Amino acid sequence: MPNELSVVDRLSVLPFPAGRTRPSEEDVWGGPGHHLAVLRESRDFWDSRDEEIVEAAEQEIESAHTALAARLTGRWGAPHAIELWPYLETDGPVPEPMGFLSCMAGSVQVWRLPATDRWIGLAVGQADPEWPIQLLLAVGETAVLPEN
C-alpha cells in the first residue's frame with residue numbers, strides 16, 4: 001500500500017503533460033489535464049480462464065482497491081461514484097481520462113482534492129477477458145466531471 005499511496009501523492013501534484021505520453025516503466029502515462037496509472041494488476045488469462053483463477057485475481061485486486069479507497073476516504077471523505085457507461089454512448093469526443101476509464105471499467109470512485117481543481121479516481125478494470133485485471137488510478141481536472 002505505501003507504494004500505491006506514493007503514486008497517488010506524486011500524481012496529485014505533478015503538472016499535467018502538454019501532450020499525450022506513453023506508459024512509463026511505472027505504468028504511468030497521461031496527457032493534457034490528466035494522469036493515469038496502473039497501481040496493481042493480476043496475471044493475464046491467455047492460457048487459462050479457469051473460474052477459480054479469475055475469481056482469485058478479482059478478489060486480490062478488489063481487496064487492494066478496498067484498502068486504498070479506505071485510506072483515501074480517511075484523507076478526503078467519502079468518494080462519489082461515477083458510472084462510466086454514458087461515456088461509451090456519446091457521439092462526441094470524450095474527455096480524458098474518462099475515455100480511457102470507460103473502456104476499462106463500469107464505474108470510478110472519485111475524491112475531489114481540496115483547494116485544487118483536481119480529482120483522484122480509483123477503478124478496477126479489464127480491457128479484455130484475456131488481459132490482466134487492473135487497479136487503476138486517474139487524476140484529472142474537475143471540469144471533466146459530470147455535475148453532481
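## Working through a sheet and its cores

In this predicted model, Ile120 touches Val8, Ser12, Leu72, Trp76, Gln109, Val110, Trp111, Leu113, Leu137, Ala138 and Val139, leaving aside residues up to four places away in sequence. Let's start from that residue and work outwards.

**Exercise 1. Find the core that Ile120 belongs to, and say which elements build it.**

Step one: look at the largest nonpolar core, which has 24 residues. Ile120 is one of the members touching the most other members, along with Leu39, Leu72, Leu122 and Leu137.

Step two: ask where the residues come from. α1 (2–13), β2, α2, β5 and β6 each put in at least two.

Step three: pick out the top contributor. That's α2, with 7 residues.

Step four: check for a second core. There is one lying apart from the first, with 18 residues, and Met98, Val108, Ala123 and Val144 are among them.

**Exercise 2. Work out the strand order of the sheet and explain what is special about its edges.**

Step one: trace the neighbours. The 6 strands run β1-β2-β6-β5-β4-β3 across an open sheet, with antiparallel pairing.

Step two: look at the ends of that order. β1 (28–31) and β3 (80–83) each have a single partner strand, so one side of each has no neighbour in the sheet.

Step three: add the twist. On average, neighbouring strands are turned by 25° against each other, ignoring direction.

Step four: zoom in on one pair. β4 (residues 107–112) and β5 (residues 118–125) pair antiparallel over 4 bridges. Here Gln109 sits opposite Leu122 in β5.

**Exercise 3. Place helix α2 relative to the sheet.**

Step one: locate the helix, which covers residues 51–76.

Step two: list the strands it lies across, namely β2 (34–41), β4, β5 and β6 (134–141).

Step three: get the direction. α2 runs at about 160° to β5.

**Exercise 4. Describe the whole chain, from its pattern to its overall dimensions.**

Step one: count the elements. The protein chain has 4 helices and 6 strands, and along the sequence they follow the pattern α-β-β-α-β-α-α-β-β-β.

Step two: test the chain against a globule. For 148 residues, a compact globule would have a radius of gyration near 15 Å, and the protein chain agrees because its value is 15 Å. The C-alpha atoms fill a box of roughly 45 × 40 × 30 Å along the principal axes.

Step three: see how much is tucked away. Buried residues account for 41% of the 148.

Step four: turn to contacts. Among those between residues at least 6 apart in sequence, 57% join residues at least 24 apart.

Note on methods:
Residues are numbered from 1 along each chain as its sequence is written. This is a predicted model: local features need pLDDT of at least 70, side-chain atom pairs count only at pLDDT 80 or more; totals for chains, interfaces and linings use all residues. Side-chain values use heavy atoms; hydrogens and water are left out. Two strands pair if DSSP finds at least two bridges between them. Axes are lines fitted to C-alpha atoms, for helices over the stretch in contact, and angles run from 0 to 180 degrees between N-to-C directions. Contact means heavy atoms within 4.5 Å. The radius of gyration is taken over C-alpha atoms; the globule rule is 2.2 Å times the number of residues to the power 0.38. Buried means under 20% relative accessible area, exposed over 50%, partly exposed in between (1.4 Å probe, protein chains only). A nonpolar core is a set of buried Ala, Val, Leu, Ile, Met, Phe, Trp, Tyr and Cys residues joined through side-chain atoms within 4.5 Å.
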